[in-house]
Amino acid sequence: MAPRAEVLPLVSVCRTGFEGIIRPLVKGGCLNIITFANHFAAKRTDRCQELLFQCFSAWLGPNKAGPITAFQPDLPRCDNSFPPPVRYEQVRLWCSTSRTRPTSCLAETNRNRCRRKAALPGLQRKGSSAQTSGISMCGILGTIGYPEFGAPFEALLDHLAHRGPDAAGIFEHRLADQSVRLGHRRLSIIDLSESANQPFRKDAMVLVFNGEIYNYRDLRSELETYGVNFRTHSDTEVVLEAWRLWGAESLSRLRGMFAFAIYDERSGRLVLARDPFGIKPLFVLRRGSSLAFASELKALRPLLGPDDAIDDPALMASLVYGWVPDDFCMYRHVTKVRPGAWLERGIDGSVAEHVYWDPRQEMVEQGPQPFDVEELRSVLKDSVSAHMVADVPVASFLSGGLDSSLISVLARKQVDRLDCFTIAFREEDQKFERMPDDLTYARQIAKSADLNLHEILISPDVADMLPKMVRTLDEPIGDGAAINAYLICKAARDLGIKVLLSGMGADEIFAGYRRHYACMLATRYRRLPALVRSGLIEPLADLLPAAGSSRGYRTFRWAKRFIKFASLPEEQAYQRSYAFFGREELAGITNPRLSEQAERVFAHHAEIYAEGAPDDQINRMCQTDVRMFLSGLNLAYTDRASMAASTEVRVPFVDKEVVKVAFRLRGADKIQGTNGKFALKKAAESVLPRSIIYRPKGLFSSPLRAWIRNDLRSMVDDILPEGELVRRGYVKSGYIRNLIDDDRAGREDYSKDIWHLLTLDFWLRDQAAPQPARTPQLQLDAV
């Protein structure tokens, strides 16, 4: 080891600047600058020296020599070597800030004994000594009972690198003839030290955890009364000890968002669990008694066999909705752990599913109570406060609408400064789209609440962006809002921000979508004589133009959309109000062989809708939204898009306590007259100006009509009429050609339909292409 005298001058360099030495180390992926800064601020000079010396040793390598002052910014990063597997049990620990696969560090154990062989800066240290683990958003991966497969486990974990660029860890264990591997990629949010990495192992139980638990301090205090001794100050250890003491009952005690796996080394039992609303994803692949799980499908694709073909019911669901509900998955033999459920796999390979949060009991059976505006306001403030916990700056989405403005202002009251992000589009796109002027409202609330507003002008290369975004989203999602979410998160990340608050979920639980009011209006519309509806109103609406050559007609579009579902029975009307196709329409454009699979999709919606509040149409719609639309679309694209930018999005409205209060409200308290989200608006009156609360509703959307008519015109012609959807026999070519012609002629507005079909076609094309060894990092740019 070189003399420490060579390290001492470097600490003094930090006092005058980072350019000469510190910045090259950070850029090269060998130094966690936040960890170093924390030690330096605390005047732990010896720890700073140790970190820097380890960095230099790792960077130069054992065979390179020379004075420390010779370091340059363009020196090579950590290499790609991995040591061979070790006997019985191992943990591989990586310096994962490098873009290439870094040098690994190996800890060998023999049951409960551990000997540390080497260490690099930023690497997790595991063993019998105490660990500190903190809240972190990340990617998790695991296999159990799986035979050796072509791709190394490390390569599977690489597909989740964007979810956790700050650290990585692998745990391996063998019990009898069963092999277990658990992997984790970490995005550091709380407890930024290298000791906070996972997998987290304590007393023969191992946890990989994606998410955060907001009430973990209260749970910790309760666990301590039972004699539990804690080694860390994190929610990770609380989750593990809560499960050890209370078992499955612990899940109903957790307030937060999570997907995790717990493995018991002694019994060989594996548990997988997911939060009540599906905020965090968890996919499961089963083949016989073997099981694999991951935060994203990308990491499981290399394990799929020839019999793991595309699942036709799921593809029909994607075609109908533009997204895939949680009860479906695009691959056979792959499922999603349902929101509010947990899976248990025994040593014999048997798997059982259990439910700990039943939406029928939690949202339907509690019964309505009188509206208490103070109770609602209080639970919202409490939820936002809980979602602010982090050791890095927290920012917020800000569209200028009610939901994001309320979250941003409540958050601003708890910090000295709050960065907020809003989007704007090219002037010609906004004009054609007739989009509301959200930017003006965002500026207004930013000024009145002293928010630091960042405006992002979106003018991307859409033709280049679309296939990349489809690959990022895992399953086909035909909603352009995913692009907005990604670009906002990327802009925040470029400014060093890892955490963003979102107003997502308010429309679902408080009845804020236009379709909620439209379906209430449709109930009255169906009372009109059928002759008046079908003989007068509907033919007139059919004659209305949807768009001109340079602008769209929003009111006409809404009228044409309304008559497509208004005469249907209540449940079918609601399904059709947000779906691309109803039963008859789908039958007319798809192959007859798919009729049975399509019927499963419609029956699934009818079943969920029927389980809603029996005497309250508005709450029936809201409960269906929470179980289908929220988890299947909004939370899904938000998770994938934000993680692609290595950021975390938190959703204070999608909280157990908020949802509990929201579904104690009568539907009449959610919609009064034409006023949606009435209860939420009343609660916001003491926080926001009325000009924000009662402004016309905006949409977190993209200018799809302008993009389809202009930027993507040639792509539409080249791909859709004879694309994968047609070639594989899913959709008739004539339907697609008519769709394009009617849209361009302005007879109908089919821009969303065409965008949706493009995303689905690109997803099918991607299945035929060989998967890269590591999922490429999504790079889209806003102006």
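Start by selecting Val 206 together with Tyr 263, its bridge partner in strand β9, and keep in mind while looking that this is a predicted model. With that pair on screen, widen the selection to strand β8, residues 205-213, and to β9, and you will find the two running antiparallel to each other over 9 bridges.

Next, select β9 by itself, residues 256-264, where 9 of the 9 residues are buried, so the strand is largely enclosed by the rest of the structure. If you show its side chains, Gly 256, Phe 258, Phe 260, Ile 262 and Asp 264 point one way, while Met 257, Ala 259, Ala 261 and Tyr 263 point the other way.

Now add strand β10, residues 270-274, which also pairs with β9 in the antiparallel sense, here over 5 bridges; one place to look is Ala 259, whose bridge partner in β10 is Arg 274. Between β9 and β10 the hairpin has 5 residues, and within this hairpin Gly 268 takes a positive phi near 75°.

Return to Phe 260 and display its surroundings: beyond its neighbours within four places in sequence, Phe 260 is in contact with a set of residues that includes Ile 140, Leu 207, Phe 209, Val 239, Leu 251, Val 271 and Leu 282. Phe 260 is also one of the residues that touch the most other members of the largest nonpolar core, which has 198 residues, and Phe 510, Leu 688 and Trp 755 are among the others. Helix α23 gives the most to this core, with 13 residues. A second, separate core has 19 residues, including Ile 144, Val 180, Val 208 and Leu 282.

Follow the chain to helix α23, residues 617-644, and select Ala 644, which counts as buried because its relative accessibility is 3%, below the 20% cut-off. Adding Met 469 lets you compare two positions 175 residues apart along the chain, whose C-alpha atoms are separated by 9.4 Å.

Finish at helix α18, residues 530-543, which has 14 residues and reaches 19 Å from its first C-alpha to its last, close to the 20 Å expected at 1.5 Å a residue. Looking along this helix, find Ile 537, where α18 bends by about 30°, and then Pro 539, a proline that follows within four residues. The buried residues of α18 are Arg 533, Glu 538 and Ala 541, and to see part of what covers them, select α17 (514-525) and α19 (554-565).

Technical notes: Residues are numbered from 1 along each chain as its sequence is written. This is a predicted model: local features need pLDDT of at least 70, side-chain atom pairs count only at pLDDT 80 or more; totals for chains, interfaces and linings use all residues. Side-chain values use heavy atoms; hydrogens and water are left out. Buried means under 20% relative accessible area, exposed over 50%, partly exposed in between (1.4 Å probe, protein chains only). Two strands pair if DSSP finds at least two bridges between them. The expected span of a helix is 1.5 Å times one less than its number of residues. The bend at a residue is the angle between axes fitted to the seven residues ending there and the seven starting there. Contact means heavy atoms within 4.5 Å. A nonpolar core is a set of buried Ala, Val, Leu, Ile, Met, Phe, Trp, Tyr and Cys residues joined through side-chain atoms within 4.5 Å.
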